[in-house]
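Biologist: Please take me through the terms applied to this structure, setting each value against its definition.

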Amino acid sequence: MNPGDRVRVQRADQTYEGVLLPSSTSQNLVVKLEGGYNVGIDRADADVDVLESDVYDIEEGDTEESSAVEFDPDLPTISLISTGGTIASTVDYRTGAVTAQFDAEDVLRAVPDLAGRANYRGRVVANILSENMTPDVWRDLAEAVREEIEAGADGVVVMHGTDTMQFTASALSFMLDTPVPIVFTGSQRSADRPSSDNVMNAVCAVEAAKADAAEVMVCMHATESDDACALHRGTRVRKNHTSRRDAFETVGAKPLGEVAYGGEETEVSFRRDYAERGETDLDIAPELESDVELLKFTPGTDESVLDLAEGKAGLVLEGTGLGHVHSEWTDRIAELVDSGTTVVMTSQCIEGRVCDRVYDTGRDLLDAGVVEGEDMLPGTAKVKLMWSLANSDDPEATVRTPIAGEITERSVPWE
């Protein structure tokens, strides 16, 4: 029995038929079923019959030899930086869980469609699921991106888990001035799934990294179909669905651009103004004040939750409507401001701008020292406040000043 054989596996009252795949452990069998899904089975609990030998030629291969990429002087150089996440993950067949364990070179081997599009450099900054992302990793990532650009990369693709990608993209938008595209991408479904979006997202991200928009962008499926990826500005993007392949949306506008996917033929287009390649000098301001919290107000929430912000450097409130909380919160917020906590108000509405000048409760909040967060997304506002507190002598003014497209000129309906 060897990888590539068609087998029938009996375990208790269940029978599986498919092609035997290589396994990372000797204790597990991995079988690709007819429907395309893989199943992991404890070898000790299974009876296996070989139905047909060598149905597929599966080469285990030498890792270093299989990951070699020849340099083509006519192609741009794209740096692939891995932080983990589903795009760089596989199934742990001991538990059935998706785990992050591939490095950037594994992604190149797993996505042969990337070949011939660019010269690649692979680098691993972290190997974590995105719920474990921290500001320290943001700093490491920003430094790594800066080093790759200084070393001559014509663009950077960051592979990242989708759950917190919008936060990391925001962080790098503020921390880096970049002369080349920095494109985040990931996948909603791992490579083991037949509906995986990893290949198309990776290919479109590389094409975007070769294009002319020198901004921090998020590149993910534009629709459920495999026809195009949307390019979202890193400070205006939000993950709006837990599992759909087109989970990411630009809030308040259409995406910055799009990559039409057509195998070898892909086309990158933009619909709005962007920072052009080469017009900005590379610079980095990686410091962050991590002692900042984000708190969402809901009816009935006791004002004592504000005690969590006591002594904090910053607090972002996600208020209702135009930026409101219960009037009984106002005095406690004023105390926080007086004690040195910078408090920024955002809205839990998906679109629109905070304006605390319309109602008395809002005016009271302004009198208490609350800073209006304009139309920033709450998560982006938290990241920007972290950055502003560490890099500005007047963080309140910096929060209100557009830096990386996080604040739009005015909120208007769009078609």
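Modeller: Glycine 311 lies in the loop between strand 20 and strand 21; helices (H or I, at least four residues) and strands (E, at least two) are DSSP runs numbered from the N terminus. This is a predicted model, in which local features need pLDDT of at least 70 and side-chain atom pairs count only at pLDDT 80 or more, whereas totals for chains, interfaces and linings use all residues. Residues are numbered from 1 along each chain as its sequence is written, and side-chain values use heavy atoms, with hydrogens and water left out.

Biologist: Why is glycine 311 called exposed?

Modeller: Its relative accessibility is 59%. Residues are buried under 20% relative accessible area, exposed over 50% and partly exposed in between (1.4 Å probe, protein chains only), so glycine 311 counts as exposed. In space, its C-alpha is 7.4 Å from that of serine 339, although 28 residues separate the two in sequence.

Biologist: What makes strand 21 and strand 22 a pair?

Modeller: Two strands pair if DSSP finds at least two bridges between them. Six bridges join strand 21 (residues 314–319) to strand 22 (residues 342–347), so the requirement is met. The two strands run parallel, and leucine 315 has valine 343 in strand 22 as its bridge partner.

Biologist: Which strands are called the edges of the open sheet, and why?

Modeller: The open sheet has four strands in the order 20-21-22-23, with parallel pairing. Strand 20 (292–296) and strand 23 (371–372) are the edge strands, as each pairs on one side only.

Biologist: What makes aspartate 136 and arginine 139 a salt bridge?

Modeller: A salt bridge requires a side-chain nitrogen of Lys or Arg within 4 Å of a carboxyl oxygen of Asp or Glu. The closest N and O atoms of aspartate 136 and arginine 139 are 2.4 Å apart, so the pair qualifies. Both belong to helix 3 (residues 135–150), where a spacing of three residues separates them by about one helical turn. Arginine 139 counts as buried, because its relative accessibility is 18%. The whole structure holds 23 salt bridges.

Biologist: How do you know that arginine 332 and aspartate 307 also form a salt bridge?

Modeller: Their N to O distance is 3.1 Å, which satisfies the definition. The pair links distant parts of the chain, 25 residues apart: arginine 332 is in helix 6 (residues 330–338) and aspartate 307 in the loop between strand 20 and strand 21. With a relative accessible area of 12%, arginine 332 is buried, whereas aspartate 307, at 42%, is partly exposed.

Biologist: Why is aspartate 375 counted as a salt-bridge partner of arginine 353?

Modeller: The closest N and O atoms are 3.9 Å apart, and the pair is therefore counted. Aspartate 375 lies in the loop between strand 23 and helix 8 (378–391), and arginine 353, 22 residues away, in the loop between strand 22 and helix 7 (360–367). Aspartate 375 is buried at 6% relative accessible area, while arginine 353 is partly exposed at 21%.

Biologist: What makes strand 17 a partner of both strand 14 and strand 18?

Modeller: Strand 17 (residues 257–260) forms four bridges, in the antiparallel sense, with strand 14 (residues 228–233). Strand 17 also has four antiparallel bridges to strand 18 (residues 267–270). Leucine 231 stands opposite glycine 257, and alanine 260 has glutamate 267 as its bridge partner in strand 18.

Biologist: Which residues of strand 17 form its covered face, and which its uncovered face?

Modeller: Gly257 and Val259 make up the covered face, and Glu258 and Ala260 the uncovered one. In a regular strand, side chains alternate between the two faces of the sheet.

Biologist: What makes the phi of alanine 12 worth noting?

Modeller: Most residues other than glycine have a negative phi. Alanine 12 has a positive phi of about 55° although it is not a glycine. Alanine 12 is in the loop between strand 1 (6–11) and strand 2 (14–21), and at 70% relative accessibility it counts as exposed. Glutamate 374, in the loop between strand 23 and helix 8, also has a positive phi of about 55°.
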